[in-house]
Amino acid sequence: MSDLDLLTQSLARNVKRWRTERGFTLDALAARAGVSRGMLIQIEQARTNPSLGTVVKIGDALGISITTLLDYEQGPKVRIVPAEQAVRLWHTDAGSYNRLLAGTEAPGPLEMWDWRLMPGEGSPSDPHPMGTVELIHVTKGELALTVDGTEYRVPAGSSASFEANTPHTYANAGDVPAEMVMAVSVPGVH
């Protein structure tokens, strides 16, 4: 079985499990996540590989991390994620990418990401739930971070934090690759 098949089956099992645990009907989760009921049915039946944006919306609506939605290994209290098992969810032909390094539920989803943005490339993000906070540390190049329409320049060695409940974009306006580590904390669903 391929990694993609494992992730598809894991996503199907975990969406259904967390939807049931939260007491959401398919219609209720579809409305909360802003995705169609049909898409949720296909996901829960492992008949589709949804986009990263769709997985993020479902995780946000359930109040759990992408790591939890995609996790196909139920392990011990300490979980080591080898470098080759980090999940790359977005990439471009030019070499930009993001990788989900690790995540946990504490008390809501907490995720750690590794990003590379090649010159001239960017990645927009829809608003996350109220109370979501992102922390960014730029290790190479310069990040052009736009939050709610205002651009901020974050050079190598600098860090930034922001409330991520508004549209935001990570971009590289420079001429060398930009690299950063990002942590995302989403409040739990009550």
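Is E44 buried or exposed? In this predicted model, E44 is buried, with a relative accessible area of 15%. That value falls under the 20% limit for a buried residue. The residue forms a salt bridge with R19, and the closest N and O atoms are 2.6 Å apart. The two residues come from distant parts of the chain: E44 sits in helix 3 and R19 in helix 1 (residues 3–22), 25 residues apart. R19 also counts as buried, at 11% relative accessibility.

The structure holds seven salt bridges. Another of them involves helix 3. Here the side chains of D27 and R37 meet, at 3.1 Å from N to O. D27 belongs to helix 2 (residues 26–33) and R37 to helix 3, so this salt bridge ties together parts that are 10 residues apart in sequence. D27 is partly exposed, at 47% relative accessibility. R37 is partly exposed as well, at 40%.

A salt bridge also connects two strands. The side chains of E142 and R153 meet at 3.0 Å, N to O. E142 is in strand 6 and R153 in strand 7, so the contact ties together parts 11 residues apart in sequence. Relative accessible area is 31% for E142, which is partly exposed. R153 is likewise partly exposed, with 44%. Elsewhere, salt bridges with shared partners join R116, K140 and E179 into one network.

Strands 6 and 7 belong to an open sheet of four strands. The strand order is 4-9-6-7, and the pairing is antiparallel. Strand 4 (122–125) and strand 7 stand at the edges. Each has a single partner strand, so one side of each is left without a neighbour in the sheet. From one strand to the next, the twist averages 15 degrees. Strand 6 and strand 7 pair in the antiparallel sense over six bridges. Within this pairing, A144 has R153 in strand 7 as its bridge partner. R153 thus appears twice: as the bridge partner of A144, and in the salt bridge with E142.

The loop between strand 6 (142–147) and strand 7 (150–155) contains D148. Phi of D148 is near 55 degrees, a positive value in a residue other than glycine. Most residues other than glycine have a negative phi. D148 counts as exposed, at 54% relative accessibility. The cut-off for exposed is over 50%.

A46 offers a second case. Its phi is positive, about 55 degrees, although A46 is not a glycine. The residue is found in the loop between helix 3 (37–44) and helix 4 (52–62). A46 is partly exposed, with a relative accessible area of 31%.

Strand 5 has pairings of its own. Strand 5 (residues 133–140) and strand 8 (residues 159–163) pair in the antiparallel sense over five bridges. In this pairing, E134 stands opposite F162 of strand 8. Strand 5 also pairs with strand 10 (residues 178–185), again in the antiparallel sense, over seven bridges. There, H137 stands opposite V181 of strand 10. In a regular strand, side chains alternate between the two faces of the sheet.

Note on methods: Residues numbered from 1 in each chain as written. Predicted model: local features only at pLDDT ≥ 70, side-chain atom pairs only at ≥ 80, totals over all residues. Heavy atoms only, no water. Pairing = 2+ DSSP bridges. Buried < 20%, exposed > 50% of the residue type's maximum accessible area, 1.4 Å probe, protein only. Axes fitted to C-alpha atoms, helices over the stretch in contact; angles between N-to-C directions. Salt bridge = Lys/Arg side-chain N within 4 Å of Asp/Glu carboxyl O.
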